[in-house]
Amino acid sequence: MHSDRPDAGVPEPGAAEVAVQEAPPGVPVVTVVGDVDAESLGTVRAGVERALETGAPAVVLDLTRVVLLASAGMTMLLELTDDLRLRGSALLLAGSTRTVRRPLAVTGLDRALTLHDDLAAAVASAASIGAEADRHESLPD
């Protein structure tokens, strides 16, 4: 469906749409479209939880179509990173847009989070984490 609106396909303010897909080679990708703020935290968290069900050692959170990254969203990204680390997994962020990078840089969170310029780089990094995990599992005790 075609629309002449410049914001076609973007959820209403305060809302986010989340899709979970698998990128080759078995890397779960959670794509977020819209605002990452207090109202959308549950939706984003639920998407990451669904991705974790795959058992993959890393999850990519695609933020390339995020319109707003609010302070509540940044706090959630840090909490998710810590939570996944405790579970033996990693959260890798994809998104080089100013909407994502600027608030993370201003707060210093860009040094605490794993942020890649684009989705391809994040998926490649996640795949290498998975390959490393596979090598460790195949080592004799």
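Modeller: Two strands pair if DSSP finds at least two bridges between them. Helices (H or I, at least four residues) and strands (E, at least two) are DSSP runs, numbered from the N terminus. This is a predicted model, in which local features need pLDDT of at least 70, side-chain atom pairs count only at pLDDT 80 or more, and totals for chains, interfaces and linings use all residues. Residues are numbered from 1 along each chain as its sequence is written, and side-chain values use heavy atoms, with hydrogens and water left out.

Biologist: What makes β2 and β3 a pair?

Modeller: Seven bridges join them, and the strands run parallel. Seven meets the requirement of at least two, so β2 and β3 pair. Within this pairing, Val-29 stands opposite Val-60 in β3.

Biologist: How do you know that β1 and β2 pair, and in which sense do they run?

Modeller: Eight bridges join β1 to β2, so the requirement for a pair is met. These two strands run antiparallel. Glu-17, for instance, has Val-33 in β2 as its bridge partner.

Biologist: What lies between β1 and β2?

Modeller: The two strands form a hairpin with three residues between them. Gly-26 in the turn has a positive phi of about 80 degrees. Pro-25 is also in the loop between β1 and β2. A cis peptide bond joins Pro-24 and Pro-25, with omega about 0 degrees.

Biologist: What sense does the pairing of β3 and β4 have?

Modeller: The parallel sense, over five bridges. Ala-58 stands opposite Ala-90 in β4.

Biologist: How many helices and strands does the protein have, and in what order do they run?

Modeller: There are four helices and five strands. From the N terminus on, the order is β-β-α-β-α-β-α-β-α.

Biologist: Why is Ser-40 called buried?

Modeller: Buried means under 20% relative accessible area, exposed over 50%, and partly exposed in between (1.4 Å probe, protein chains only). Ser-40 has 2%, so Ser-40 is buried. Its place is in the loop between β2 and α1.

Biologist: What makes the link from the side chain of Ser-40 to Asp-35 a polar contact?

Modeller: A polar contact is a pair of N or O atoms within 3.5 Å; within protein, one must be able to donate a hydrogen and the other to accept it, and residues adjacent in sequence count only if both atoms are side-chain atoms. The side chain of Ser-40 reaches the backbone oxygen of Asp-35 at 2.8 Å, so the distance limit of 3.5 Å is met.

Biologist: Why does His-116 count as buried?

Modeller: The relative accessible area of His-116 is 16%, which is under 20%, so His-116 is buried. This residue is found in strand β5 (residues 114-116). Contact means heavy atoms within 4.5 Å. Leaving aside neighbours within four places in sequence, the contacts of His-116 include Leu-92, Ala-94, Arg-101 and Ser-125.

Biologist: How do you know that Ala-126 is buried, and what does it touch?

Modeller: Ala-126 has 3% relative accessibility, under the 20% limit, and therefore counts as buried. Ala-126 lies in helix α4. Beyond four places in sequence, Ala-126 is in contact with Val-27, Ala-58, Val-60 and Leu-92. The C-alpha atoms of Ala-126 and Pro-28, 98 residues apart along the chain, are separated by 8.9 Å.

Biologist: Why are β2 and β4 described as mostly covered?

Modeller: In β2, ten of the ten residues are buried. In β4, four of the five residues are buried. Over the whole protein of 141 residues, 40% count as buried.

Biologist: How do you know that the length of α1 fits a helix?

Modeller: The expected span is 1.5 Å times one less than the number of residues. For the twelve residues of α1 (residues 41-52) that should give 16 Å, and the end C-alpha atoms are 17 Å apart, which agrees.

Biologist: Which residues of α1 are buried, and what covers them?

Modeller: Leu-41, Val-44, Gly-47, Val-48, Ala-51 and Leu-52 are buried. Seen down the helix axis, they fall within an arc of 145 degrees (taken from the directions from the axis to the C-beta atoms), so they line one face of α1. Their cover includes β1 (16-23), β2 (27-36), β3 (58-69) and α2 (71-86).

Biologist: Where is confidence lowest, and where highest, among the elements?

Modeller: pLDDT is the predictor's confidence in each residue, from 0 to 100. Helix α4 (residues 119-138) is lowest, at a mean of 76, and strand β4 (residues 90-94) is highest, at 97. The protein averages 87, and 82% of the residues score at least 70.

Biologist: What is the pLDDT over residues 1-6?

Modeller: It stays under 50, and the model has one contact beyond four places in sequence for these residues. Where pLDDT is low, the predicted coordinates should not be read in detail.
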